[in-house]
There are 2 protein chains.
Amino acid sequence: MARLLLLSLLLIASAHAFHFHSSLCKTGASRMSSFRARQQRAESSSLMLATSRRSHTMTMMAAGSKPKKIVVLGGDGFCGWPTSLYLSEKGHDVIIVDNLSRRNIDNELGCSSLTPIESPETRVKAWEKVSGRTMRFVNLDVARDYQELVQLFLAEKPDAVVHFAEQRAAPYSQKGAKQKRYTVDNNVSGTNNLLVAVVESGLDIHVVHLGTMGVYGYGTSGGEIPEGYIDVILPGGRPSSILHPAYPGSVYHTTKCLDALLFQFYNKNDGIRVTDLHQGIVWGTNTPQTIKDERLINRFDYDGDYGTVLNRFIMQGALGVPLTVYGTGGQTRGFIHITDTARCIEIAVSNPPQAGEKVQIFNQIAETLRVGDLAKLVAEKTGVDINYLKNPRLESAENELEVANRKFRGLGLDPILLDSNLGLVDEVKTIAAKYADRCVREKILPASFWNRRREAECEANTLEGGK
Amino acid sequence: MARLLLLSLLLIASAHAFHFHSSLCKTGASRMSSFRARQQRAESSSLMLATSRRSHTMTMMAAGSKPKKIVVLGGDGFCGWPTSLYLSEKGHDVIIVDNLSRRNIDNELGCSSLTPIESPETRVKAWEKVSGRTMRFVNLDVARDYQELVQLFLAEKPDAVVHFAEQRAAPYSQKGAKQKRYTVDNNVSGTNNLLVAVVESGLDIHVVHLGTMGVYGYGTSGGEIPEGYIDVILPGGRPSSILHPAYPGSVYHTTKCLDALLFQFYNKNDGIRVTDLHQGIVWGTNTPQTIKDERLINRFDYDGDYGTVLNRFIMQGALGVPLTVYGTGGQTRGFIHITDTARCIEIAVSNPPQAGEKVQIFNQIAETLRVGDLAKLVAEKTGVDINYLKNPRLESAENELEVANRKFRGLGLDPILLDSNLGLVDEVKTIAAKYADRCVREKILPASFWNRRREAECEANTLEGGK
């Protein structure tokens, strides 16, 4: 109750003092049907100016909450690293846990981050030099090194654990038997180990987990996707609030649905406090923290397996090759900037559910957009063509997607939007073009196929187009 | 279509020729509200006579279906072994795959089957001698030996795989960190390996999986539990048929919910044909096949971890010690006799879903009953007292449970019921009393607790009662 009151006061104070962006008052997702119109009224200020204004607001938002000790599992990854830096900058005591599996998968695929990322040790030292803040790094495999995880919890007594330690690429998870098995074994055992370790430690550790919008099945319930739970009428007219039906589209997405059931069980049985964040597709590379020193640069994946769609387009724009749109590009997806990922995690950590409360679920997206419209936007900004490839995925050619994101907005998030002219051009110039010589061009094409029929259909796909 | 027609004809023919039991025409679960009345009109014929009559009907039911090659994963276990024998007797070519993990857990817990079970090799040889039918045994760990599993599929090209290869005791799954982790790692990786192996083999293998009524959460949806899917009205009045919301009550039950999502995904993405059987609590030990030779005897677990509730009561009845009822005994559960488990599996194997059909889900139960009423029944038959213990489980003290089982009944199952006087007394005499000297009495008490509070509350529990 006290927490709610404090939060409300902060919200009111913030709204008055910092002239909250009008979008804060909007509810639900920003639909992109009037895409061109919105593009025209896009802001002209730069990414950095905007994020600086916003982080001022966010700093005030978090002013009431005490610094916490936070273990970030998977803190070396694309989302984990900038999040760790952001949490550290906010004054939290951050311990990064990672087994460097993503770097090992780079080796396996023969394709590493476009940006030259430093070792965790160098990264952490550079951060200390730049910020004066200490972060620790522990090399540990959450899915295997259970005893070490328990010992870490008992020794450090963290307030929260942020759980990014999962294989996170849908295409990689569909590549073959080895990758399907690795994704399930790693993700499910990792999540279960974390929950069992929290129970065994006897500590009241708040678990913050990065899930995905993909658990909802991209619009299968036919209306606005609520945040985690959906109100249904059961046979006989009985009303019930249930976990939104899971309808995942890849082995990777399936593991996030399995996570959701594990959270539900351990929350019910052991009272573990859990916040599950269902995130959209992340775009952007750097955050106000990672750009402070080149040794802090975030990873940038552009390949067919790990490059999320907009980053892949950005890379192709910089190289001057056609953008690879799968199918008609009619798939509607949720998007969020990497800077907002980090901010959402901090908001989640600062606002744990009450003791005894059920799993708290937030939709972590800024807006929704059709992939084809995204390609048109990038093509326009970079002057490249669009190459419509056969879709390696098994999915609906077109889908509507309307997503509630009231909770984060209610807690003060004013997200960076795609049509704000922030970031996109900057990404092309400062990341994709700058490191273009490190690109392995043949890795851009899809290399994983949802099933054999899809693989056969995709044989004629080429990077340069000309179907 | 042809399959449906054939099935209908068989049903009609069977009903006329063999005077189907009237309960075949009933739909839904047999509720036990008029328990005493039904007990009085219980049949007096013996288990063997009844099962022989029924298996005659069932043989005719299956007459239209050709013998199949069937791999039974976990074929050395409590349900797997009698099922393997039954399938073999029906003329199917059976390959048992097992890593003997259940026997290893016996070693871990210091408590083995009350019945002296022989090695798989001896069992298989004895069956060959008794029946003239060959069954093969392969020692293989489904959760680990993935390549061997694929090779087995490619070499044998089975029509169906029956998947029992999961850790199946809820109390064991809650015992501690080691057992929670083992249950998740073994069950989820095993199921995923199986599905990936079927995809990799390229064969059209029908997967038949033993799930549990526990996936439904024992009555949380408030009405009759349908078979797997439930019709709901979504916000905005949109109707939808969804997987019944999962609300598992233990780590073990949770893994079965995770299985359901894996089945849904691989069915959708790869067209794998799956039948998922949500089974009630199994009672009874032997079947018409296992009693043919003492070397074929089925395992009998009576301990607090693995002894399903009625088997535990039977053992306590035979020993003359009070029956251990947890809490008020108001928990309503679904029950099925082990003989019917085997028959249901055979019906499922003989009736695969069509190509392209979604996962087929059957509720594999005969009836529902309150645990307290079950105790009264056994107490009456054996003259022992009832000892109400503090409940080691975290669950509702009382619940209603109404379960649809129309599908198996529609396919010809006429199940053995608890109040039919069949089996119960026979079990006490021929199993529990006969091998009572092998019982480790202190193993009967619950030894696993759902959480720390439950463990503390259960400290005063004793086998002999006297709260």
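**Reading burial, helices and backbone angles in a two-chain model**

Author: In chain A, 63% of the 467 residues count as buried. Here buried means under 20% relative accessible area, exposed means over 50%, and partly exposed lies in between (1.4 Å probe, protein chains only). The model is predicted: local features need pLDDT of at least 70 and side-chain atom pairs count only at pLDDT 80 or more, whereas totals for chains, interfaces and linings use all residues. Residues are numbered from 1 along each chain as its sequence is written, chains are lettered from A and ligands numbered from 1 in the order in which they are written, and side-chain values use heavy atoms, with hydrogens and water left out.

Reader: How many helices and strands does chain A have?

Author: Helices (H or I, at least four residues) and strands (E, at least two) are DSSP runs, numbered from the N terminus. Chain A has 16 helices and 16 strands. Contact means heavy atoms within 4.5 Å. Of the contacts in chain A between residues at least 6 apart in sequence, 83% join residues at least 24 apart.

Reader: By what turn and shift can chain B be laid on chain A?

Author: Copies are superposed by least squares on the C-alpha atoms of residues with pLDDT of at least 70 in both. A turn of 180° and a shift of 0.0 Å along the axis lay chain B on chain A with an RMSD of 0.0 Å. That is the relation of a two-fold axis. The same surface serves both copies, since 100% of the contact residues of chain B recur in chain A.

Reader: How should one read the faces of a helix, and which residues of α6(A) are buried?

Author: An α-helix has 3.6 residues a turn, so residues three or four places apart point the same way. Helix α6 of chain A covers residues 120-131; its 12 residues reach 16 Å from first C-alpha to last, close to the 16 Å expected at 1.5 Å a residue. That expected span is 1.5 Å times one less than the number of residues. The buried residues of α6(A) are A:Pro120, A:Arg123, A:Val124, A:Ala126 and A:Trp127. Seen down the axis of α6(A), the buried residues fall within an arc of 160°, so they line one face of the helix; the arc is that of the directions from the helix axis to the C-beta atoms. Their cover includes α4 (80-89), α5 (101-109) and β3 (136-139) of chain A. On the face of α6(A) turned away from the buried side are the exposed residues A:Lys125 and A:Lys129.

Reader: How many residues of α10(A) are buried, and what caps its N-terminal end?

Author: Helix α10 of chain A (residues 251-270) has 20 residues and spans 28 Å from first to last C-alpha, close to the 28 Å expected at 1.5 Å a residue. This helix is mostly covered, with 18 of its 20 residues buried. A:Ser250 caps the N-terminal end of α10(A), placing a side-chain oxygen 3.3 Å from the backbone nitrogen of A:Tyr252.

Reader: Where does phi take positive values?

Author: Most residues other than glycine have a negative phi, and most peptide bonds are trans. Just after α6(A), A:Gly132 takes a positive phi of about 75°, and A:Gly271, just after α10(A), takes one of about 70°. A:Leu100 is not a glycine, yet its phi is positive, about 60°. A:Leu100 sits in the loop between β2 (93-98) and α5 of chain A and is buried, with a relative accessible area of 19%. A:Lys157, also other than glycine, has a positive phi near 45°. A:Lys157 belongs to the loop between α7 (146-156) and β4 (160-163) of chain A and is exposed, at 52% relative accessible area.

Reader: With which side chain does that of A:Arg333 make a polar contact?

Author: A polar contact is a pair of N or O atoms within 3.5 Å; within protein, one must be able to donate a hydrogen and the other to accept it, and residues adjacent in sequence count only if both atoms are side-chain atoms. A:Arg333, in strand β12 (residues 332-337) of chain A, makes such a contact with the side chain of A:Glu395 (2.5 Å). A:Arg333 counts as buried because its relative accessibility is 8%.

Reader: Where is B:Gln331 placed?

Author: B:Gln331 lies in the loop between β11 (323-326) and β12 (332-337) of chain B, and its 4% relative accessibility makes it buried. The side chains of B:Gln331 and B:Glu395 are joined by a polar contact of 3.2 Å. B:Gln331 and B:Glu400 are 69 residues apart in sequence, with their C-alpha atoms 7.7 Å apart in space.
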